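Me: I would like a close look at the disulfides of this protein, taken one after another, with a few words on its enclosed space afterwards. Please keep to what the model itself shows.

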Amino acid sequence: MRTTWNLSGNKTKLTFLLSLVVIFLLVGKYYLKNEVQVKTKSESNTLSDVEEESTLAHINHLQKCGLEKEDIDIKSNPAEDSSPISIIVYVIKSESIDVNCELSPKLKVSQIANKTPVIFDSLYDSVEYETVQAIKEAVLKVKDRILIFTAPESDSGVIEINLISNNLINARVATNTYSANYLVSTESMKINYLSMGDNLHVVDQDKLIFKVSGRKTYFKEYCKEWIDQGDIKYPAAPENTECPQGQRKIPGGPFWYDALIDKNGKLIDIVSVDKKRISKCYPKIELLNKSYIDLELPNPTEKICIE
């Protein structure tokens, strides 16, 4: 007996099945996206498109490692803080994840030792210069939890994790032009933005006072004589009535300084940079008057050296 196929009927069934698959995928993605939004809204945060795509990719990856969505807690620094860039931390129970799960081709969960931070190339977050390069992530195991630190909108990612005490961590995020430091509590998982700067360490453990190196700021604008050289006028600056006749206001340039800050990132004092980094020195009161550093004067006669 010969079998005949109803091509039009089979085509209709195939189209129907494909439609169901597409709908299923879209609903799943929408559900997961909604879960991410709910978690971040509870922290008074709104994710950018880049952060949202990164978060979805990370959650999908962690689910493939045996985790359920409810096993993944997402934390970020508050949207209302003054941080130049956001850091996102995934908090998971170490007992819930497959020990053979690969966070990167060179790093499995089984290789993570307690309180020993590891920096690795992100599987999902990258930046394009001449070629596409993966940015850095960090992972730290603290007792029964694994913390994964990401910064998908940065140029370089999370480049450093330092343990300050048994329950406090300093995480540093880097871009092409600056680094940002965050204070993370492993008990509450509260994340505070501290300061921009290349290096941060504790100078008073009891009061949690930090010294941060390489904070960037600018000198204020200043008036300078306007020199007419025919078609070229130097320095090139717009008219400004605040300057004496024959002068124009010139933008101030950048400089870098070292500072003392508290656990909330509040500036306590400015201090001189290391000798090998010194570019110029000023009386403290003069430097404060010339720049945009906002500080009450604890010692106005002190001399401060900057980079």
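To begin with one cysteine, is Cys 65 buried or exposed?

Reply: The model is a predicted one, and in it Cys 65 counts as buried, because its relative accessibility is 7%, under the 20% that sets the limit for a buried residue. Its partner in a disulfide is Cys 101, and the two sulfur atoms lie 2.0 Å apart. Cys 101 is buried as well, with a relative accessible area of 3%. The torsion about the S-S bond of Cys 65 and Cys 101 is about 60°, so this disulfide is right-handed. Cys 65 is found in the loop between helix 2 (49-64) and strand 1 (72-76), whereas Cys 101 is found in the loop between strand 2 (88-93) and strand 3 (102-104), so the link ties together parts that are 36 residues apart in sequence.

The count of disulfides comes to three, and with the bonded cysteines counted along the chain they follow the pattern 1-2, 3-4, 5-6.

Further along the chain, Cys 223 and Cys 243 form a disulfide with their sulfur atoms 2.1 Å apart. The angle about the S-S bond of Cys 223 and Cys 243 is -85°, and the link is left-handed. Cys 223 belongs to strand 14 (residues 222-225), while Cys 243 sits in the loop between strand 16 (232-234) and strand 17 (247-250), so that parts 20 residues apart in sequence are tied together by the pair. The two ends of the link fall into separate classes of accessibility: Cys 223, at 32% relative accessibility, counts as partly exposed, whereas Cys 243, with a relative accessible area of 9%, is buried.

There is also the disulfide of Cys 281 and Cys 305, in which the sulfur atoms are 1.9 Å apart. Here the torsion about the S-S bond is about 100°, so the disulfide is right-handed. Cys 281 lies in strand 20 (residues 280-283) and Cys 305 in strand 21 (residues 303-306), so the pair joins parts of the chain that are 24 residues apart in sequence. Cys 281 counts as partly exposed at 31% relative accessibility, and Cys 305 counts as buried at 10%.

As for the enclosed space, a general remark on method may help. Rolling a probe the size of a water molecule over the atoms shows where empty space is left. In this model there are three cavities of 30 Å³ or more, and the largest cavity holds about 80 Å³ of space. Among the residues that line the largest cavity are His 58, His 61, Leu 62, Phe 120, Tyr 124 and Glu 137. Helix 2 and strand 5 (118-128) are the elements that give two or more residues to this lining, and strand 5 gives the most, with four residues. By character, the lining of the largest cavity divides into six nonpolar residues, three polar and one charged.

Helix 2 also holds Glu 53, a residue that counts as partly exposed at 44% relative accessibility. Glu 53 and Asp 125 are 72 residues apart in sequence, yet their C-alpha atoms are 9.3 Å apart in space.

Terms used: Residues are numbered from 1 along each chain as its sequence is written. This is a predicted model: local features need pLDDT of at least 70, side-chain atom pairs count only at pLDDT 80 or more; totals for chains, interfaces and linings use all residues. Side-chain values use heavy atoms; hydrogens and water are left out. A disulfide is a pair of cysteine sulfur atoms within 2.5 Å. Buried means under 20% relative accessible area, exposed over 50%, partly exposed in between (1.4 Å probe, protein chains only). On a 1 Å grid over the protein atoms alone, a cavity is a set of points where a 1.4 Å probe fits but cannot get out, and a pocket is an open set with protein on both sides within 12 Å along at least five of seven lines; lining residues have an atom within 4 Å of a point. Grid points are joined across faces, edges and corners, and a volume is the space filled by probe spheres set on the points. Ala, Val, Leu, Ile, Met, Phe, Trp, Tyr, Cys and Pro count as nonpolar, Asp, Glu, Lys and Arg as charged, and the others, Gly among them, as polar.
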